[in-house]
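Reader: I would like a close look at one part of this model, the nonpolar core. Please take me through it and through the helix packing that goes with it.

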Amino acid sequence: MILKSTQEQTAMTQPRVSIIVPCLNEARHIGHCIESVLRQEEPEGGFEVIVADGLSGDGTRNMLSALARRDSRLRVVDNPGKIASTALNVAIVEARGSIIVRVDAHTEYSQDYVKSCVSALESTGADNVGGAARTKATNYLQAAVSAAYHCPLVVGGARFHNVDYEGYVDTVVYGCWRRSAFERFGYFDEELIRNQDDEFNLRIIRNGGRIWQSAKIKSWYRPRTSLRALFKQYAQYGYWKVRVIQKHHLPASWRHLVPGAFVLALGTLSMLALFSLLAFWIWLAVLAAYTLLCLAASFSSASRSGWKLLPVLPAVLGCYHFGYGYGFLRGLLDFVIRGRANIPSFGTLTRDQI
């Protein structure tokens, strides 16, 4: 009698957990990501991995096909929509498991990540569970972006940036759900290029659901490697946040309005300063106060993460604030003032958006 391997036995039965991965042109990262996922400690009932690929043209699909031939737990499906929200929905429909765990290609995961997600889901009874926002840097600028990522001046008290916090929250990184959650709350909003996970979590909360953050669920996100990319990323976050607020009529948190209000006030004062000496002095005072606040936050972050990061931290903080604020104002212009229902050119997809 020939005994089958654990992987082969799992493939022949109905897996309890489906790990879903949105993907588009990720040849540099997808191999490492999928191999690390396939090395996950198996939860009871086993798991499958479903990659929803947005018709990649950079060799990603060939890499995935080779990995699927080596491990029958991996399946690859097409995502004609080419954005994260459509990828997630396609993968959820294809999933056979009763528990869905989301994984992203630009993130590293602890070996017990999936087991920890399943355990937290079962022990808390929450509708969505996940971990805190942790980062991992490989170069100088990434280290500075990571340091600022956990700065109170950037996160505004958001609990999912606190790696030690365990309890109920309004959002978590990625997520783990029972399949029944999508029957109750609906699927991801396919209009949203960004913020689709935040919008889904908001829908859960406002329909009586609960979201739990566990300190045992650990993953490490690789942040952007240039100031330009960071600015663009947060401009898109701010932009699509307007559409989320428009759909739900209220923001998930008032902190989401602060960067846009600040950029609007600063821009208005700068124009008024051309005609009014009083407006000029107010503008100068506001700018000076913001600069001092950023310098204080930079010193605080550098004291925790390394003094060598101090020279670039003020610029990084500025990218977070002005990027989000600018994007938010562009969103107001397009979605509220112009009333555009289609996807505007500002929100078009790039490789880093899925």
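Author: What follows covers the core, one helix pair in contact and then the cysteines. Keep in mind that the model is predicted.

Start with the core. In soluble globular proteins, nonpolar side chains tend to be buried together. Here the largest nonpolar core has 73 residues. Ile-19, Ile-34, Val-49, Val-101 and Val-316 have the most contacts inside it. Helix α13, residues 313-337, gives the most to this core: eight residues. A second, separate core has 20 residues, including Leu-88, Ala-91, Ile-92 and Val-172.

Now take Ile-34. Set aside its neighbours within four places in sequence, and Ile-34 touches Val-21, Val-49 and Val-51. Leu-64, Leu-67 and Leu-74 are also in contact with Ile-34.

Next, α13 and its packing. Helix α6, residues 140-149, packs against α13 at an angle of about 60 degrees. The two axes are 9 Å apart. An angle of 65 to 115 degrees would count as roughly perpendicular; α6 and α13 are therefore oblique to each other. Their crossing is right-handed. From α6 come Leu-141, Ala-144, Val-145, Ala-147, Ala-148 and Tyr-149. They meet Leu-313, Val-316, Leu-317 and Tyr-320 of α13.

Last, the cysteines. The disulfide count is zero. Why does Cys-176 not bond to Cys-117? The sulfur of Cys-117 is the closest cysteine sulfur, but at 4.8 Å it is too far for a bond. The cut-off is 2.5 Å. Cys-176 is buried, at 0% relative accessible area. Cys-294 is buried too, at 4%. Its closest cysteine sulfur, in Cys-151, is 8.4 Å away, again too far for a bond.

Conventions:
Residues are numbered from 1 along each chain as its sequence is written. This is a predicted model: local features need pLDDT of at least 70, side-chain atom pairs count only at pLDDT 80 or more; totals for chains, interfaces and linings use all residues. Side-chain values use heavy atoms; hydrogens and water are left out. A nonpolar core is a set of buried Ala, Val, Leu, Ile, Met, Phe, Trp, Tyr and Cys residues joined through side-chain atoms within 4.5 Å. Buried means under 20% relative accessible area, exposed over 50%, partly exposed in between (1.4 Å probe, protein chains only). Helices (H or I, at least four residues) and strands (E, at least two) are DSSP runs, numbered from the N terminus. Contact means heavy atoms within 4.5 Å. Axes are lines fitted to C-alpha atoms, for helices over the stretch in contact, and angles run from 0 to 180 degrees between N-to-C directions. Angles under 35 degrees count as roughly parallel, over 145 as roughly antiparallel, 65 to 115 as roughly perpendicular and the rest as oblique. A crossing is left-handed if the near helix is turned anticlockwise from the far one by less than a right angle, and right-handed if clockwise.
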